[in-house]
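Dear colleague,

I am handing over the structure we spoke about, and below it you will find my notes on what turned up when I went through it. Please read them with the structure open beside you.

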Amino acid sequence: MTKKQFLGWGFIAVLLMWGGNTYAQKFDQLAKTPQLGWNSWNTFGCDVNEKMIREMADAMVSSGMKDAGYEYINVDDCWHGERDKQGFIQVDKKHFPSGMKALADYVHSKGLKIGLYSDAGNTTCAGRRGSRGHEYQDAVTYASWGIDYLKYDWCDTQDINPKAAYSTMRDALYTAGRPVLFSICEWGDNKPWEWATDVGHSWRTTGDIYPCWNCEHNHGSWSSWGVLPILDKQVGLRKYAGPGHWNDMDMMEVGNGMSEEEDRSHFSLWAIMASPLIAGNDLRSMSDATKKILTNKDMLAINQDKLGVQAMKWIDDGDLEIFVKPLEKGEYAFLFLNRADQAQDYMLDWSFHYMKDDISKHEVFFDKKKFNWRDIWRGDSGTTTEKLGLNIPAHGVRVLRLTPR
Ligand code: GLA
């Protein structure tokens, strides 16, 4: 190699390293806190079209959700048409006649971002074209449309290695160069929390959610799950969550048929567990109660706290459970959950209690360290120098934010 060639290759290598590094950094910044958005699946299933998605972007702005921090408008399964002769995926022209680029431009014009759905297998869960064997083509296509988020599913993947399949799509997205939040949807089947920290920004921990408090909804060969079953499946996972890589408890069912009390609990639990918060209701027609829940700034602040620690279950007293999420600056969020069908009164003498969190290394002796508390949903306040007496409605929560005195 001549000196000139050596310098030339060196220059290219530096460019590639610099470029790769910039892309990696761009991807790194995407989910420092859990992602906030909306997804079409829970309400619309396969019935998606560009008009509805545009209206949803409008509603995200007019409802105040955008101001509260929600960012992504995600089109789930069924936006796909066929592949063209070269294998590039086309949009379903009947339901998206203006094309995906125009839809992305519209969503961006509202100051929001747009997500799409695909699948690691040959077909998606609803039988549309999956990305298997077309990962790089799809990533380049998404980038050319201006897509910001990819939910990547796991149907039709019998003989595929999960880590390899998700890493291939991650590499394809990196290479295409547009920053894309990569949401792994593999239902927790292959323990993604053990291998996906550097692959995706979040991973589903369970099968699909169903709008019920404590049920298993049987679909024949598979089940979907209510709020409590999904919560109970999170045991042991909190140590895997952190800035850039979250345990995803699935899209929310707030406003989709549960009682207001249950919706508030569902939202509070997902928030304190540092799950991505992706609304799944029709934002155009939601009730004031639903809007109030989804836009509760104090609850969202707990979810978005920069420390990025998922809540731990501190006390398990049968139907009464207490979850604690350490926050920045020595603050804490406490959630008292009443799983039961009747209201419960609960007394807590703080001075008898001690809390140690092996993950954040936070430790509090409540007889020595004193806090002020404020109830996130009701607004009342108090201090840990006095006993706490709470009435917790059936299927309800009380959430307190503790600030050092
Ligand atoms: C799977 C996913 C759901 C949804 C559907 C779409 O069931 O878990 O969240 O994306 O596929 O077909």
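Leaving aside its neighbours within four places in sequence, Pro 229 touches Trp 213, Asn 214 and Cys 215. Please bear in mind here and throughout that this is a predicted model. Pro 229 sits in helix H8, and with a relative accessibility of 14% it counts as buried, because the cut-off for that class is under 20%. From the same stretch of chain that it contacts, one may also take Cys 212 as a reference point: its C-alpha atom is 9.9 Å from that of Pro 229, although 17 residues separate the two along the chain.

Helix H8 leads on to the domain arrangement. The domain assignment divides the protein chain into domain 1, covering 3-303, and domain 2, covering 312-404, and the C-alpha centres of these two domains are 32 Å apart. Contact between them involves 25 residues of domain 1 and 24 residues of domain 2. The size of an interface is often expressed as the accessible area that is lost when the parts come together. For domain 1 and domain 2 that buried area is about 2000 Å², with carbon and sulfur atoms giving 67% of it. Within domain 1, the residues that lose the most area to domain 2 are Arg 238, Ile 272 and Ile 302, which together account for 32% of what that side buries.

As for polar interactions, nine residue pairs are in polar contact between domain 1 and domain 2, counting pairs in which both residues have pLDDT 80 or more. On the side of domain 1 that touches domain 2, the elements giving two or more residues are helix H8 (227-232), helix H9 (260-272), helix H10 (288-294) and helix H11 (297-303). The most is given by H9, with nine residues, and sorted by class that side of domain 1 has 13 nonpolar, four polar and eight charged residues. Three salt bridges are found across the interface of the two domains. I would also point you to the salt bridge that Asp 232 forms with Arg 339, in which the closest N and O atoms are 2.7 Å apart.

Arg 238, already mentioned for the area it loses to domain 2, comes up again at Asp 357, since the side chains of these two residues make a polar contact at 2.8 Å. Asp 357 lies in the loop between strand E17 (354-356) and strand E18 (363-365), and it is buried, with a relative accessible area of 2%. Not counting residues up to four places away in sequence, Asp 357 touches Arg 238, Val 309, Met 312, Pro 326 and His 362.

Finally, two backbone angles deserve a look. Most residues other than glycine have a negative phi. Cys 78, which is not a glycine, nevertheless has a positive phi of about 90 degrees; it is found in the loop between strand E2 (72-74) and strand E3 (80-83) and is buried, at 2% relative accessible area. Trp 187 likewise has a positive phi, near 65 degrees, and is placed in the loop between strand E7 (181-184) and strand E8 (202-204). With a relative accessible area of 21%, Trp 187 is classed as partly exposed, because buried residues must fall under 20%.

With best regards

Note on methods
Residues numbered from 1 in each chain as written. Predicted model: local features only at pLDDT ≥ 70, side-chain atom pairs only at ≥ 80, totals over all residues. Heavy atoms only, no water. Domains from an automatic or database assignment. Contact = heavy atoms within 4.5 Å. Buried area = accessible area lost by both parts, 1.4 Å probe. Salt bridge = Lys/Arg side-chain N within 4 Å of Asp/Glu carboxyl O. Polar contact = N/O pair within 3.5 Å; in protein donor to acceptor, adjacent residues only side chain to side chain. Helix = DSSP H or I, 4+ residues; strand = E, 2+ residues; numbered from the N terminus. Nonpolar A, V, L, I, M, F, W, Y, C, P; charged D, E, K, R; others polar. Buried < 20%, exposed > 50% of the residue type's maximum accessible area, 1.4 Å probe, protein only.
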